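Student: I am new to this structure. Could you give me a brief overview, then take a close look at one part of it and describe that part residue by residue?

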Amino acid sequence: MDSKPDASAPAPAEDDDLATREAAYETFVWDNLKRNYAGHYLHGMLGMTGFRLVNAPTFLPAYLHAISGSNTVVGLGLALQQVGGVISPIFGATKIEHRTKVMPAAIWMGSLARLAILGIALAGWFLPNDTTALTLPFIGELSPRVSAILIFMLMFGIFMGTQRVVFSLLMAKVIPISRRGRLQAWRNATGGLIAAILAYLAGRYFIDANLFGNGYSTTFVFAFVLTSMGLWALQFLLREPEPPTTREQARFRDRIREFPRLISQDRAYGFFLLVQMLATSARIATPFFILYVGSVMHVDGKTLGLLSLAFLGADTLSNLVWGYLGDKTGFRLVLLFSLAFWIAATLLLMNVHTVPAIFGAFFGLGAAQAGYMMAAQTMILEFGDRDELPMRIAVSATAESITATAGPLAGGLLAEHLGYGVVFGVSLGFLAAALLLLLVAVKEPRTARLQAL
């Protein structure tokens, strides 16, 4: 008697059709690699240059402190930026994971993030800082300029959260895994070099000279222009393939319910997620590095430029090392080294108060955070299957944002009442826990993937 056919197994013709589409997808990726590589390189080089000027732990924290006079307001601004990134990655993932082409969404989200930077710049030029627009409990009176900048920082976080998912997915679609490290190395290195030079010039010639009436606003306009040029380059050059398979469109709340399954089905990813959350919690100290320096030595525009040069210059040089090391060994080792550098640089900043030592500490912090960002953003692409990638990126981005939201605000309150040393100590505790967990519980995902083949 013939056995009953397995109804759950796909028909041979379906297997053949899927295999054909997979082969066509791979062929498209390699045929268009040079063009897509160039697009991502220009987008990263120019785009990340501008974003570095906004996210560096120098200009924006110093600007907020200068116009508000409050550590708590500095922490609030960074917290609002992170709040924006809590839900928006998940929302972005649900809007693109079923689409065969995601570049249109990338243009929209990227453009809105850039407009938020422009808003920060315009607020400095056109809104007053000597009247009260808003009064908040435990914080006090906020001027129209400070209030507007806080709102734009929230918007920046919202659209950067969705942008992170979309652009990470684009890279995963068009850049083979063996080329991602060197791509990020060269685009981050050249972008970091431009940012470092511009940061030094901005500190010395924009801020000290109060160029165009507000040197900080002038700096942020430069950031807006550079990031916009990068987005235009990617839009012009990118050729996006249609993946062989995609998920069916799901409702936002249904995807939220699937988070426990997504995390539990891959223990390595679950532990990696904890490492991300601990490392992000350590950023409680980041906006206060430059304020701490100001408490132990005189800081003017030239000093801001010099320390920004150290931070962003380290980004430039270290990215070449991180990228090639990651391609050769996998990015777990990059993550491990970056956490160790982060700890060492923080200890140096706390204990040695000479200009060369502080310059070296900011250089170490720049190298460490560049390594962390590259490792975290690349390792996430190597866990699990392709169809779940958008939501996996979103889960990581949301988890990071949740832990990073309370950090700066709590750091501001701690710095205001207990001093910067306590803030730095808490940061070191999170970093030590992340390093220990990475050593004992997280395996290299690339090795696991190769063993599964």
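**Helix 8 and its surroundings**

Tutor: For a chain of 453 residues, a compact globule would have a radius of gyration near 22 Å, and the protein has 22 Å, so the two agree. Please keep in mind that this is a predicted model. Taken along the principal axes, the C-alpha atoms fill a box of roughly 90 × 45 × 40 Å. The protein contains 18 helices and two strands. Of the 453 residues, 55% are buried. Among contacts with a separation of 6 or more, 85% are between residues 24 or more positions apart. The exposed area is about 19000 Å², and carbon and sulfur atoms supply 67% of that area.

The part to examine is helix 8, which covers residues 215-237, together with what comes before and after it in the chain.

Start with helix 7, residues 180-207, where Y205 is found. Y205 has 45% relative accessibility, so it counts as partly exposed: the cut-offs are under 20% for buried and over 50% for exposed. Y205 also belongs to a nonpolar surface patch of about 370 Å², which it makes with L193, I197 and L201.

Next comes the loop between helix 7 and helix 8, where N210 has its place. Most residues other than glycine have a negative phi. N210 departs from this, with a positive phi near 50°. F212, in that loop as well, also has a positive phi, near 55°. What about their accessibility? N210 is partly exposed, with a relative accessible area of 42%, whereas F212, at 62% relative accessibility, counts as exposed.

Now the helix itself. S217 has its place in helix 8. S217 is buried, with a relative accessible area of 0%. What covers it can be read in part from its contacts: leaving aside neighbours within four places in sequence, S217 is in contact with Y63, I120, A121, G124 and W125. A C-alpha distance fits into this picture too: S217 and G119 are 98 residues apart in sequence, and their C-alpha atoms are 9.5 Å apart in space.

Further along helix 8 is T227. T227 also has a relative accessible area of 0%, which puts it under the 20% limit, so it is buried. A polar atom of the T227 side chain lies 3.0 Å from the backbone oxygen of A223. Not counting residues up to four places away in sequence, T227 touches L46, G47, G50, F51 and R114.

After helix 8 the chain enters the loop that leads to helix 9 (252-257), and E240 lies in that loop. The side chain of E240 meets the side chain of K173 in a salt bridge, with a distance of 2.7 Å from N to O. K173 lies in helix 6 and E240 in the loop between helix 8 and helix 9, so the pair ties together parts that are 67 residues apart in sequence. The structure holds one salt bridge. Both K173 and E240 are buried.

K173 deserves a fuller description. Its place is in helix 6, residues 144-174. At 7% relative accessibility K173 falls under the 20% limit, so it counts as buried. Besides E240, K173 touches Y25, V29, T100, K101, P241 and P243, not counting residues up to four places away in sequence. The C-alpha atoms of K173 and P243 are separated by 7.8 Å, although the two residues are 70 residues apart along the chain.

To put this part in context, take one residue from another helix. A367 lies in helix 15, residues 355-379. A367 is buried, with a relative accessible area of 5%. Leaving aside neighbours within four places in sequence, A367 is in contact with A314, D315, S318, W322 and F341. The C-alpha atoms of A367 and F337 are separated by 9.9 Å, with the two positions 30 residues apart along the chain.

To sum up the close look: in the loop before helix 8, F212 is exposed; within the helix, S217 is buried, and T227 is buried; and in the loop after it, E240 meets K173 in a salt bridge.

Key: Residues are numbered from 1 along each chain as its sequence is written. This is a predicted model: local features need pLDDT of at least 70, side-chain atom pairs count only at pLDDT 80 or more; totals for chains, interfaces and linings use all residues. Side-chain values use heavy atoms; hydrogens and water are left out. Helices (H or I, at least four residues) and strands (E, at least two) are DSSP runs, numbered from the N terminus. Buried means under 20% relative accessible area, exposed over 50%, partly exposed in between (1.4 Å probe, protein chains only). A polar contact is a pair of N or O atoms within 3.5 Å; within protein, one must be able to donate a hydrogen and the other to accept it, and residues adjacent in sequence count only if both atoms are side-chain atoms. Contact means heavy atoms within 4.5 Å. Patches are made of residues with over 30% relative accessible area and no salt bridge: like charges are joined within 9 Å, nonpolar side chains (Val, Leu, Ile, Met, Phe, Trp, Tyr) within 5 Å. Accessible areas come from the Shrake-Rupley method with a 1.4 Å probe; for residues, only the protein chains shown count as cover. A salt bridge is a side-chain nitrogen of Lys or Arg within 4 Å of a carboxyl oxygen of Asp or Glu. The radius of gyration is taken over C-alpha atoms; the globule rule is 2.2 Å times the number of residues to the power 0.38.
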